[in-house]
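Here are some exercises to work through with the model open beside you. Try each task on your own before you read its solution.

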Amino acid sequence: MAISTKLEMRQSQSLVMTPQLMQAIKLLQMSNLDLVAYVEAELERNPLLEKTDSGETGADGDTGSEGNSEPFADGAGTPAASEEPGSGDWMQNDLETGSEAIAARMDTDLGNVFPDEPGVPASPDPALLKGGDSYKNVSSGGTSEDYNLEAFVAEEVSLVGTLEEQMHLALTDEADKLIAGHLINSLDENGYLYIDLGETAGQLGVGADRIEAVLCVLQTFEPAGVFARDLAECLKLQLIDKNRFDPAMEALIDNIELLAKRDLAGLKKVCAVDEEDLVEMIAEIRALDPKPGSVFGSALVQPVVPDVFVRPANDGTWAIELNSDTLPRVLVNQTYYAKVIKTARNETEKEYMTDSLQTASWLAKSLDQRARTILKVSTEIVRQQDGFLTYGIAHLRPLNLKTVAEAIGMHESTVSRVTSNKFMATPRGIYELKYFFSSAISATVGGDAHSAESVRHKIRQLIDAEAPKAILSDDTLVKILKDDGIDIARRTVAKYREAMKIGSSVQRRREKNSRL
């Protein structure tokens with residue numbers, strides 16, 4: 001067989017992940033905060049990108065004249081005439097500025113009419129006027145440009161700062177302060193001390209007895225209960241602070257696991273008290289704070305900003321619109337590009353400006369395409385979950401990504417990226433887009449399937465409405481749900497109940513009986 005070279009033409013399709021396509025996919029799955037940060041970085045990097053604000057009305061971004069607050073009758077800069085005839089501008093009248101003329105007209109000395117206030121000089125000191133703007137800084141009539149309002153903002157009170165202030169008052173020895181500082185910095189956010197004191201003594205080069213002595217002092221600090229090593233010790237410290245740690249309460253704290261099990265009979269036996277005293281002791285325990293350090297330095301909670309708004313329309317449908325505040329707007333400055341490209345000195349500068357123009361144009365297109373895709377997916381979700389928006393969670397339909405993707409003609413991966421970190425504001429609250437996607441639970445008589453989220457809501461309603469004398473077991477819940485047309489297994493009910501952090505029927509019976 002002869003070997004020879006020849007040319008062949010073939011036609012094939014392939015998907016190439018270009019940098020522009022990767023950028024579009026990356027933007028699609030970003031949250032609004034990440035998107036704003038990304039656009040801000042691009043604005044600093046790309047000289048051809050410009051940010052537009054919602055207040056801009058003109059093509060060049062002008063919002064009106066700056067620093068002009070006077071009313072004008074026309075555009076020529078002429079002030080509007082006064083309505084009263086003969087009333088001219090008071091600034092153009094000649095004012096009496098001579099003190100002798102004013103004193104002669106009043107027939108008295110000016111000092112009798114306008115006495116100097118005590119402590120206020122009648123005129124500025126010439127020495128101060130030589131200093132330039134220094135006199136303005138001490139003027140009582142206004143504030144200086146260097147006036148910092150943030151200097152008067154109250155500092156956030158933290159757990160560590162509060163304990164350190166008490167430490168300097170309670171301890172005098174520098175070595176003890178060093179040990180106390182180490183223990184304070186070892187606390188968790190709830191005020192508990194989960195460290196090995198023996199290992200800490202070895203690290204600091206002191207004896208374990210001295211660590212224990214310093215810890216005993218620290219456990220008397222406010223808030224009561226800090227520096228505890230477990231829940232029982234935390235409750236014990238708070239009871240000691242309230243002077244309520246008697247032998248009966250000590251027995252209750254030592255057998256705290258019986259209280260968790262709602263074993264009231266066992267608690268009465270170990271505490272040697274009657275039922276009335278035990279109820280009062282349990283009430284005191286419940287009034288204590290199991291996390292005394294959590295009241296300090298709480299982390300700032302970032303509020304959820306919805307990407308889509310859903311409101312009822314006048315015709316009975318739903319109006320869907322994007323949140324314009326979360327959509328960054330950018331423009332490509334073609335004029336600046338045309339001006340700079342003419343003055344480019346070499347090919348490197350021309351190539352840089354060309355790449356910047358392509359990047360800016362693609363970013364603007366990607367942002368527009370992202371907004372359109374989010375709106376299209378949200379519209380289909382609202383159409384599928386119309387029952388939920390109208391009647392509530394009991395009418396939430398089972399939905400998957402494939403159903404939405406086929407309805408709008410997109411790939412499932414695209415829908416998955418759109419629903420990540422995106423939120424929708426509805427009349428029933430703010431929900432993540434992924435909330436509307438839940439698995440289906442079949443019906444008993446061949447009807448419409450039920451959403452897993454609506455089934456969980458039904459289980460919670462049944463448990464909340466149960467009577468203390470008639471606690472519903474998992475088998476009873478299965479029977480009730482099947483009577484309502486929901487075909488569900490017992491293990492599924494138990495899984496949903498545990499996911500909602502609801503105890504078993506035995507635990508709920510003990511808890512509700514103890515409340516009685």
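**Exercise 1. Find the bridge partner of Pro-312 in S3, then describe how S2 and S3 pair.**

Step 1. The bridge partner of Pro-312 in S3 is Trp-318. Strands here are DSSP runs of E with at least two residues, helices are runs of H or I with at least four, and both are numbered from the N terminus.

Step 2. Strand S2 covers residues 308-312 and pairs with S3 in the antiparallel sense, over five bridges. Two strands count as paired if DSSP finds at least two bridges between them. Another residue of this pairing is Val-310, which stands opposite Ile-320 in S3.

Step 3. Look at the connection: S2 and S3 make a hairpin with five residues between them. In the turn, Gly-316 has a positive phi of about 90°.

Before you go on, a word on the source: this is a predicted model, in which local features need pLDDT of at least 70 and side-chain atom pairs count only at pLDDT 80 or more, while totals for chains, interfaces and linings use all residues. Residues are numbered from 1 along each chain as its sequence is written, and side-chain values use heavy atoms, with hydrogens and water left out.

**Exercise 2. Work out the strand order of the open sheet and name its edge strands.**

Step 1. The order is S3-S2-S5-S6, four strands with mixed pairing.

Step 2. The edges are strand S3 (318-322) and strand S6 (429-432), each of which pairs on one side only.

Step 3. Neighbouring strands are turned by 20° against each other on average, direction ignored. Such angles are taken between N-to-C directions and run from 0 to 180 degrees, with axes fitted to C-alpha atoms (for helices, over the stretch in contact).

Step 4. Now add a helix: H17 (residues 347-384) packs on the sheet and touches S2, S3 and strand S5 (423-426). Contact means heavy atoms within 4.5 Å. The direction of H17 makes about 155° with that of S3.

**Exercise 3. Which residues of the largest nonpolar core touch the most other members?**

Step 1. Start with the term: a nonpolar core is a set of buried Ala, Val, Leu, Ile, Met, Phe, Trp, Tyr and Cys residues joined through side-chain atoms within 4.5 Å. Buried means under 20% relative accessible area, exposed over 50%, and partly exposed in between (1.4 Å probe, protein chains only).

Step 2. The largest core has 23 residues, and those touching the most other members are Val-310, Val-377, Phe-388, Val-404, Val-415, Met-424 and Phe-436.

Step 3. S2, H17, helix H18 (386-391), helix H19 (401-408) and helix H20 (412-418) each supply at least two residues of this core. H17 gives the largest share, four residues.

Step 4. Zoom in on Phe-388: leaving aside residues up to four places away in sequence, Phe-388 touches Ile-393, His-395, Leu-396, Arg-428, Tyr-431, Tyr-435 and Phe-436.

Step 5. There is also a second, separate core of 20 residues, with Met-167, Leu-187, Leu-197 and Val-226 among them.

**Exercise 4. Explain what the salt bridges of Asp-474 and Asp-475 connect.**

Step 1. A salt bridge is a side-chain nitrogen of Lys or Arg within 4 Å of a carboxyl oxygen of Asp or Glu. The whole structure holds 20 salt bridges.

Step 2. Asp-474 and Arg-497 meet in a salt bridge at 3.1 Å, N to O. Because Asp-474 lies in helix H22 (residues 474-483) and Arg-497 in helix H23, this pair ties together parts that are 23 residues apart in sequence. Both residues are buried.

Step 3. Asp-475 and Arg-490 also form a salt bridge, at 3.1 Å, N to O. Asp-475 is in H22 and Arg-490 in H23, so the parts tied together are 15 residues apart in sequence. Arg-490 is partly exposed, at 46% relative accessibility.

Step 4. Finish with H23 (residues 490-499), where the buried residues include Thr-492, Val-493 and Tyr-496. Just after H23, Lys-501 takes a positive phi of about 60°.

**Exercise 5. How many disulfides does the structure hold?**

Step 1. A disulfide is a pair of cysteine sulfur atoms within 2.5 Å.

Step 2. The structure holds zero.

Step 3. Compare two cysteines: Cys-216 is partly exposed at 49% relative accessibility, whereas Cys-271 is buried at 6%.
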